[in-house]
Amino acid sequence: MTVRTPIDLQTLNREELERLAEEMGEPRYRGRQLFKWIYGKGATSVEQMTDLPRAFRAELARRARITRLEPVRQLTAGDQTVKVLFRLPSGRHVESVLIPDFDEETGRVRRLTVCVSSQVGCAMGCAFCATGLMGFQQNLTAGEIYDQVWQLNRLAEERFGRRITNVVYMGMGEPLLNYDAVLRSVALLTDRDGLGLSPRRITVSTVGLARRIRQLADDGVRFRLAVSLHAPTNAQRSAIMPVNRNEQTDLDDLIEAIRYFEARTGQTITYEYCLFEGFNDRPEDAHRLADLTEQAPGKVNLILYNPVEGLPFRRPSEERLQAFIRVLVDRGVTVTVRRSRGQDINAACGQLAVREQTASEA
Ligand code: SF4
């Protein structure tokens, strides 16, 4: 006797759901109905899909299941940033963060951003990162990435009375090492029957895998791209980011790939630059960074580091930050500063999941 593994509906896209409906002897539009239930309404079981014929539901319930992430912990910071720790069907954990941005004058919520994870752990081993300490453990499916956003969108509606506005792939993992699932999840997020987000409000952030950046350009993606630069020379970058030690993914190749991406898509990228005291925050570093933005245009997003226990990196003083900004502005670079949010709840990527893993291994 062969036992068939149930199909996980949460991993299928619109096209695949339509095909499944057809294979089961139903018209294609039943697949669209399935899509709306799974991705639009967040159904957790086939029984909830009351507009599907009873016999189809019964057969689906026998053959398929819907896997949702289980929220196991929720922490709210003083600045209203919420971090949620989810348990995956594999038993491993990922983190997602809901970041409200308030209008200083009115106190109203201006933007609600969800930061999602695309992998458990990460193979890239950046020296300053809590997730890097875990090593790579698994890729998430498109449905698992989508479900983080869906659940945090519901939380946003409950807490702030409005839907989320932006999604950033800046949680655990290197999104471009889980390329297909990330692109599929973006398609779900932008589908009008999913969350209906504009691709311009979705940012995928990469450590800078040149070959994959070229592939994104060839695939004609419409979401925004952010590249984690964190150092303006090969020597500095290689010291903190092992990815840079390979000559196929070093700074020179990265800049070439960004130029290719910008030429093909007509978009400019964002350079993420995390300032580490005494390492990459000197005026000469700012000048070198400005030189790079002349070779491949992009705005610079300076990040103030959330220190991670056991790692030697510190954030610079406000004076050093201001001096760094002054150089960039004088050189005509567009600069924004991201002050890390939710510091009182370990909001740096991976910190909560690392703790969860350490606790479960103890
Ligand atoms: Fe991976 Fe990003 Fe952490 Fe680097 S910073 S180890 S790419 S999760």
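**Sheet, core and domains in a predicted model**

A77 comes out as partly exposed, because 17 other C-beta atoms sit within 10 Å of its own; the scale behind that label calls a residue buried at 20 or more such atoms, exposed at 12 or fewer and partly exposed in between, with C-beta atoms placed from the backbone. The structure is a predicted model, so to speak of a local feature takes a pLDDT of at least 70 and to count a side-chain atom pair takes pLDDT 80 or more, while totals for chains, interfaces and linings use all residues. Residue numbers run from 1 along each chain as its sequence is written.

A77 belongs to the loop between strand 3 and strand 4. Helices and strands here are DSSP runs numbered from the N terminus (H or I over at least four residues for a helix, E over at least two for a strand). In space, A77 is 33 Å from A239, C-alpha to C-alpha, with their positions 162 residues apart in sequence. Q80 is found in that loop between strand 3 and strand 4 too, and Q80 is partly exposed, with 16 other C-beta atoms within 10 Å. What is odd about the backbone of Q80 is a positive phi of about 75° in a residue that is not a glycine. The hairpin that holds Q80 has five residues between strand 3 and strand 4.

Those two strands pair in the antiparallel sense over six bridges, where pairing asks for at least two DSSP bridges between the strands. Along this pair, L75 faces K83 of strand 4, and P71 stands opposite F86 of strand 4. Strand 4 then pairs with strand 5 (residues 93-102), again antiparallel and over six bridges. Here R87 stands opposite H93 in strand 5. The hairpin of strand 4 and strand 5 also has five residues between the strands, and G91 in its turn takes a positive phi of about 95°.

Zooming out, these strands are part of an open, mixed sheet of ten strands, in the order 3-4-5-6-9-10-11-12-13-14. Strand 3 (70-76) and strand 14 (335-339) are the edge strands; each has a single partner, so one side of each is left without a neighbour in the sheet. On average, neighbouring strands are turned by 25° against each other, direction ignored; the axes are lines fitted to C-alpha atoms (for helices, over the stretch in contact), and angles between N-to-C directions run from 0 to 180 degrees. Further into the order, strand 9 (residues 166-169) and strand 10 (residues 202-206) pair in the parallel sense over three bridges. One bridge there joins Y169 to V204 in strand 10.

Two more residues show the spread in burial. H230, in the loop between strand 11 (224-228) and helix 7 (234-240), counts as buried because it has 25 C-beta neighbours inside 10 Å. H230 also has a positive phi, near 60°, without being a glycine. D218 in helix 6 (residues 210-218) is exposed instead, because it has 12 other C-beta atoms within 10 Å. The C-alpha atoms of D218 and L34 are separated by 31 Å, with the two residues 184 apart along the chain.

As for the interior, nonpolar side chains tend to be buried together in soluble globular proteins. The largest nonpolar core of this model has 90 residues, and V149 and L189 have the most contacts inside it; such a core is a set of buried Ala, Val, Leu, Ile, Met, Phe, Trp, Tyr and Cys residues joined through C-beta atoms within 7 Å. Helix 4 (residues 142-160) gives the most to this core, with seven residues. Domain 1 (7-65) and domain 2 (70-345) both give residues to the core, so it lies between them. V149 itself touches V114, V116, V167, L189 and L195, leaving aside residues up to four places away in sequence; contact means C-beta atoms, placed from the backbone, within 7 Å.

The domain bounds come from an automatic or database assignment. Taken over C-alpha atoms, the centres of domain 1 and domain 2 are 34 Å apart. Nine residues of domain 1 are in contact with twelve residues of domain 2. On the domain 1 side, helix 2 (residues 29-40) gives the most, with four residues. By class, this side has two nonpolar, five polar and two charged residues; Ala, Val, Leu, Ile, Met, Phe, Trp, Tyr, Cys and Pro count as nonpolar, Asp, Glu, Lys and Arg as charged, and the others, Gly among them, as polar.

Key:
Two residues are in contact if their C-beta atoms, placed from the backbone, lie within 7 Å.
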